Amino acid sequence: MRLTYDVIVVGGGHAGAEAAAAAARLGAKTVLVTPDLARIGQMSCNPAVGGVAKGTVAREVGALGGVMAQATDASRIHFRMLNRSKGPAVWGPRAQCDRALYPIAVRRILDGLEDLDLFQELVTGLHVNRRVRGVETRGGIVFEGGAVVVTAGTFLRGRIHVGGSAAQGAGRAGEGPSVELAEALEARGLEVARFKTGTPPRVDGRSVDFARCERQDGDDEPFRFSFYAREPLPKQLPCWITWAGEGLKEIVTRNLARSALYGGEIAGRGPRYCPSIEDKVVRFPRARRHQVFLEPEGLDTSEMYVNGLSTSLPPDVQLEFLRSVPGLGEVKMTRPGYAIEYDYFPPHQLHRTLEVRSLPGLYFAGQINGTTGYEEAAGQGLVAGANAALALQGRDPFVVERDQGYIGVLIDDLVTKGVDEPYRLFTSRAEFRLLLRQDNGPSRLGTLARSVGLLTSEQEEALEDRLREESRARAWFRDSVISPAVANPALAEAGAGSVGRPKTARELLRRPGVTAAALLKAIGAGAPDFDPDVLGTVEVDTKYEGYVRRELDRAATLRARAGFVLPEDAPYRDFTTLSSEARQKLARIRPGSLAQAGRIPGVSPADLQNLVMEVRRMKAAARELA
C-alpha cells in the first residue's frame with residue numbers, strides 16, 4: 001500500500017505536532033505518522049510549559065501560528081510569571097497544565113487543519129531516491145512525499161532504567177522503542193550518540209500532609225500564552241513547596257550502588273540543569289537540603305508530580321526517600337520515576353533550516369537533535385515543518401535570526417556549536433535579550449509569519465488587531481498631556497517626585513517606578529481601555545528606549561556580517577591563513593555566513609578577517625576561470 005503526501009512527519013509529540021501544523025498551514029498536503037494517535041501531544045514528563053526563556057519560546061511558537069501556546073491556555077491550571085523582581089528582558093511565563101486537557105487541545109487544533117491527516121503506524125525506515133522521498137512502516141505501508149520530518153523524541157533505541165535491574169526497551173513508560181528507524185538512520189552514515197533524561201515518582205495528593213508544606217498560589221492575572229486565540233482559562237490549583245533534607249540524602253547515598261545512573265547501567269550524559277536526585281546528592285554534598293515542588297497533574301485527578309526528585313533508583317528506595325520529605329511521611333506513590341537513554345544525532349549535521357546536510361529532503365526536530373524540553377522541541381518542529389513545505393514550493397527558507405527570537409538562538413546554537421549534553425535554553429544564551437521579550441512576539445515574529453504564510457486567516461486578523469492596538473496605545477501615550485493635579489498623586493505613589501507643569505503620558509511613563517496602568521488609573525473614567533499585554537509591551541519599549549535602540553544597532557551590525565555568505569563547498573582545509581583549529585571546525589560545521597562562523601568556538605577575530613580574504617580570493621579565481 002502506498003500513500004502520497006507532500007510532507008511526512010514522523011512522531012506526534014510537541015515537535016511533531018508543530019511540524020505537521022506548520023506544513024499544513026502553508027498549504028502542503030501533510031500526514032503525521034505516529035504509533036498511537038491517542039498520545040499525540042502527550043506531556044511525557046512534567047505537565048508544564050514555560051519558564052525563564054522557555055516561556056518566551058512558547059509565546060514565539062504562538063506568534064508564529066503554532067499549537068503550543070493555544071493548547072497551554074486551554075489547559076493551564078496554575079500560572080506564574082517568573083523573575084518579576086528582575087528586568088522585563090528575563091521575565092518568564094510558566095503554566096502548570098492539566099495532563100489530560102493539553103493533548104485534547106492539541107488534537108482539536110490539528111483536526112481543524114484541512115491539509116493535515118493523521119495516521120497510526122510505526123515508521124521503520126526511509127524511502128530514498130537520490131533524496132529522502134518517504135518512509136516505510138512496520139505494517140508494510142509506504143508513505144511517499146517530497147520531504148520527511150523526523151521528531152522521534154526519546155524513542156530511538158530508547159531504554160528505560162529503574163534501579164540496577166535489566167533495562168527495558170521503551171520510548172517512554174508503556175510504549176515500545178523505535179529500533180528499526182534508528183538503525184536505518186545510522187546506516188545512512190549519520191553520526192549518532194546517546195543522551196539520557198529522567199522523571200520523578202508521582203504521588204497521591206490525598207496522602208500528602210499539606211500543613212507541613214508551603215502553599216504557592218498562581219498569579220491572578222488572566223495571562224494567555226497565545227496572542228491570537230482566546231481560549232477559556234480553567235480554574236487554578238495551588239502548588240506546594242517542601243524540602244529534601246539530610247534523611248533523604250542518607251537514603252540515596254546508602255543506595256547509590258542500586259541506581260542505574262551510578263551502578264553503571266547508563267552510559268549517556270544527562271541534562272546538567274535538570275539533574276537526578278542522585279546527581280544532586282553526589283555533586284552537591286554540602287547542600288543541606290534541596291527544594292521539592294508538589295505540582296498537580298490535573299483538575300480531575302489527585303495525582304501530583306514531585307518536581308525535583310528525578311531518579312533511577314529502585315521503587316522501594318523511591319518510596320523510602322519520599323517518606324523522608326516533610327509532608328510526605330505517609331505518602332502513597334502512584335508511579336515510580338525512571339531514567340531513559342536514547343539516540344540523538346549531533347546537530348552539526350544540519351543546515352539552519354534543520355534539513356540534514358547529507359540527506360536532502362530529511363529534517364530533524366526535537367530531542368533527536370540533542371535538546372531537552374517541550375518548548376525547544378516545539379520551536380524546532382515549527383521551523384522544520386515550515387522549511388519542508390517551503391522547499392517543496394520552491395520558496396526561500398524560513399530562518400529565525402538570533403535577534404528575532406529565542407528559536408533563532410536555539411537553532412543557531414545547535415548547528416553552530418553542537419551539544420555535549422542535552423541542550424536547554426536560558427536567557428543568558430541570547431545577546432539581544434531586551435529585544436526578545438515574552439511580550440512582543442507579534443511585532444517581531446507575527447509579521448514574519450504573516451509574510452511567509454504561516455498564519456491562518458483568523459490568526460492574521462488577530463495579529464492585525466494586536467498591532468493596531470499597540471499603535472493606538474503608543475499614540476495615546478505620545479500625544480496625551482496630563483496635568484500636575486492628575487499626575488502627581490500617581491508619581492508620589494511610585495516615589496518618582498512631582499511635576500510643576502503638564503507632561504505627556506510618555507514623559508511620565510519614562511520615570512522609574514511609574515507604570516502605564518497607574519497613569520491610566522489616575523486619569524480615571526476618561527482613560528482609554530487597553531489590553532494589559534499591549535500595555536506591558538508599550539511600557540517596556542518606552543522605559544528602555546535607549547537600550548532597545550542600542551541592541552537594534554548591534555543587531556544591524558550582526559546582520560551586516562550575516563550578509564557575507566560563505567560558499568557551501570568552501571575548501572576550508574586549504575585556507576592556510578586560518579589557524580588549524582579554525583580550519584577543522586569550519587570544515588565540520590560549514591557555516592552559512594561570516595556571522596555564524598564568528599560564533600564557532602575556536603574561530604578568532606583574526607581567523608574571520610583572513611576568512612573574508614580567502615573567500616574573496618576563491619571567488620575571484622572562479623570568475624577568472626569562467
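Q: What percentage of the 626 residues of the chain count as buried?
A: This is a predicted model, where local features need pLDDT of at least 70, side-chain atom pairs count only at pLDDT 80 or more, and totals for chains, interfaces and linings use all residues. Residues are numbered from 1 along each chain as its sequence is written, and side-chain values use heavy atoms, leaving out hydrogens and water. Buried means under 20% relative accessible area, exposed over 50%, and partly exposed in between, with a 1.4 Å probe and protein chains only. By that yardstick, the buried share of the chain is 58%.

Q: What radius of gyration does the chain have, next to that of a compact globule?
A: The radius is taken over C-alpha atoms, and the globule rule is 2.2 Å times the number of residues to the power 0.38. For 626 residues that rule gives a value near 25 Å, so the chain agrees with it at 26 Å.

Q: Which loop holds R130?
A: R130 is not a glycine, yet its phi is positive, about 70°. At 79% relative accessibility, R130 is exposed. Helices (H or I, at least four residues) and strands (E, at least two) are DSSP runs, numbered from the N terminus. R130 sits in the loop between strand 8 (123-129) and strand 9 (131-137).

Q: What is the relative accessible area of R590?
A: R590 also isn't a glycine, and its phi is positive, near 50°. You'll find R590 in the loop between helix 18 (580-589) and helix 19 (594-598). R590 is partly exposed, because its relative accessible area is 22%.
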